[in-house]
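Here is a short round of questions and answers for the bench. Keep the sequence and the model open while reading.

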Amino acid sequence: MQKENGNLLFITNNEFEAKEEGYIFVLQSLLQTLVCCLLRYGYKDKEQDLRISKIIEIIDADCTISITEIAKKCALCNNHVSRIFKEKTGVSLKTYLNQQRINKAYQLVQTTDMSIESIMNEIGLSNKTHFYNLFKFYIGKTPGEIRKI
């Protein structure tokens, strides 16, 4: 899209500088085309921004949700929801979801006496090894080390 807009600007500039017969009408047409392209591209970005905001709201409301459930709530397929999230945020949807889960787990470890298994259930993870690996990766310490502090 940017290349097309760049080409339109180049053609518009050449037409303006040449000032051949009928150039005003050609310029009007080129500028209308450019405006239409910019509006379409801008609208797509706003639409995707709204989708990203919705995805983040869904995860913030329930970090136990799966990517499949997120996609269903957004009326998109799994691959598409993951792709647009990564394109707009620079972070994969799976990574963001795991970060949010571990952030919540970290808060629960610090502020409650809940068992690790209960915390895992609360954040939607069932594999203890996976949970500990994620926790250590994102927090830098194990839940037990956090509780000792």
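**Cysteines, helices and salt bridges**

Q: How many disulfides does the count come to?
A: The model is a predicted one. A disulfide is a covalent bond between the sulfur atoms of two cysteines. The rule asks for cysteine sulfur atoms within 2.5 Å. By this rule, the number of disulfides is zero.

Q: Is Cys74 buried or exposed?
A: The cut-off for buried is under 20% relative accessible area. Cys74 has 10%, so the residue is buried.

Q: What class does the accessibility of Cys77 give?
A: The range between 20% and 50% is the middle class. Cys77 has a relative accessible area of 48%, so Cys77 is partly exposed.

Q: Which elements make up the protein, and how many of each?
A: From the N terminus on, the order runs α-α-α-α-α-α-α-α. The count is eight helices and zero strands.

Q: What share of the residues counts as buried?
A: The protein has 149 residues. The cut-off is under 20% relative accessible area. The buried share is 28%.

Q: What share of the contacts joins residues at least 24 apart?
A: The pool is contacts between residues at least 6 apart in sequence. Within that pool, the share joining residues at least 24 apart is 50%.

Q: At what angle do the axes of helix 5 and helix 6 cross?
A: Two packed helices are described by the angle between their axes and the distance between the axes. Helix 5 covers residues 93-111, and helix 6 covers residues 116-123. Their axes come within 9 Å. The crossing is right-handed, at roughly 145 degrees.

Q: How many nonpolar, polar and charged residues form the contact of helix 5 with helix 6?
A: Helix 5 brings Arg101, Ile102, Lys104, Ala105, Leu108 and Val109. Helix 6 brings Ile116, Ile119, Glu122 and Ile123. By class, that contact has seven nonpolar, no polar and three charged residues.

Q: Which salt bridge partner does Lys104 have?
A: The side chains meet at 3.5 Å, N to O. The pair links distant parts of the chain, from helix 5 to helix 6, 18 residues apart. Lys104 is partly exposed at 30%. The partner, partly exposed at 37%, is Glu122.

Q: Which residue meets Arg83 in a salt bridge?
A: The N to O distance is 3.0 Å. Both residues lie in helix 4 (residues 78-89), four residues apart, about one turn of the helix. Arg83 is partly exposed, with a relative accessible area of 39%. The partner, partly exposed at 49%, is Glu87.

Q: How far apart are the closest N and O atoms of Glu145 and Lys136?
A: These two residues form a salt bridge. Glu145 is partly exposed at 36%, and Lys136 is partly exposed at 40%. The closest N and O atoms are apart by 4.0 Å.

Q: How many salt bridges does the structure hold?
A: Arg83 with Glu87 is one of them. Glu122 with Lys104 is another. Glu145 also forms one, with Lys136. The structure's total is four.

Q: Which residues does Asn98 touch, leaving out those up to four places away in sequence?
A: Asn98 lies in helix 5. At 8% relative accessibility, the residue counts as buried. The residues touched are Leu134 and Tyr138.

Q: What is the phi of Lys19?
A: Most residues other than glycine have a negative phi, and most peptide bonds are trans. Lys19 is not a glycine, yet its phi is positive. The residue lies in the loop between helix 1 (2-18) and helix 2 (23-61) and is partly exposed at 41%. Its phi is about 50 degrees.

Q: Where does Ala75 lie?
A: Phi of Ala75 is near 60 degrees, a positive value in a residue other than glycine. The cut-off for exposed is over 50%. At 70% relative accessibility, Ala75 therefore counts as exposed. Ala75 lies in the loop between helix 3 (67-73) and helix 4.

How values were computed
Residues numbered from 1 in each chain as written. Predicted model: local features only at pLDDT ≥ 70, side-chain atom pairs only at ≥ 80, totals over all residues. Heavy atoms only, no water. Axes fitted to C-alpha atoms, helices over the stretch in contact; angles between N-to-C directions. Helix = DSSP H or I, 4+ residues; strand = E, 2+ residues; numbered from the N terminus. Left-handed = near helix turned anticlockwise from the far one by under 90°. Contact = heavy atoms within 4.5 Å. Nonpolar A, V, L, I, M, F, W, Y, C, P; charged D, E, K, R; others polar. Buried < 20%, exposed > 50% of the residue type's maximum accessible area, 1.4 Å probe, protein only.
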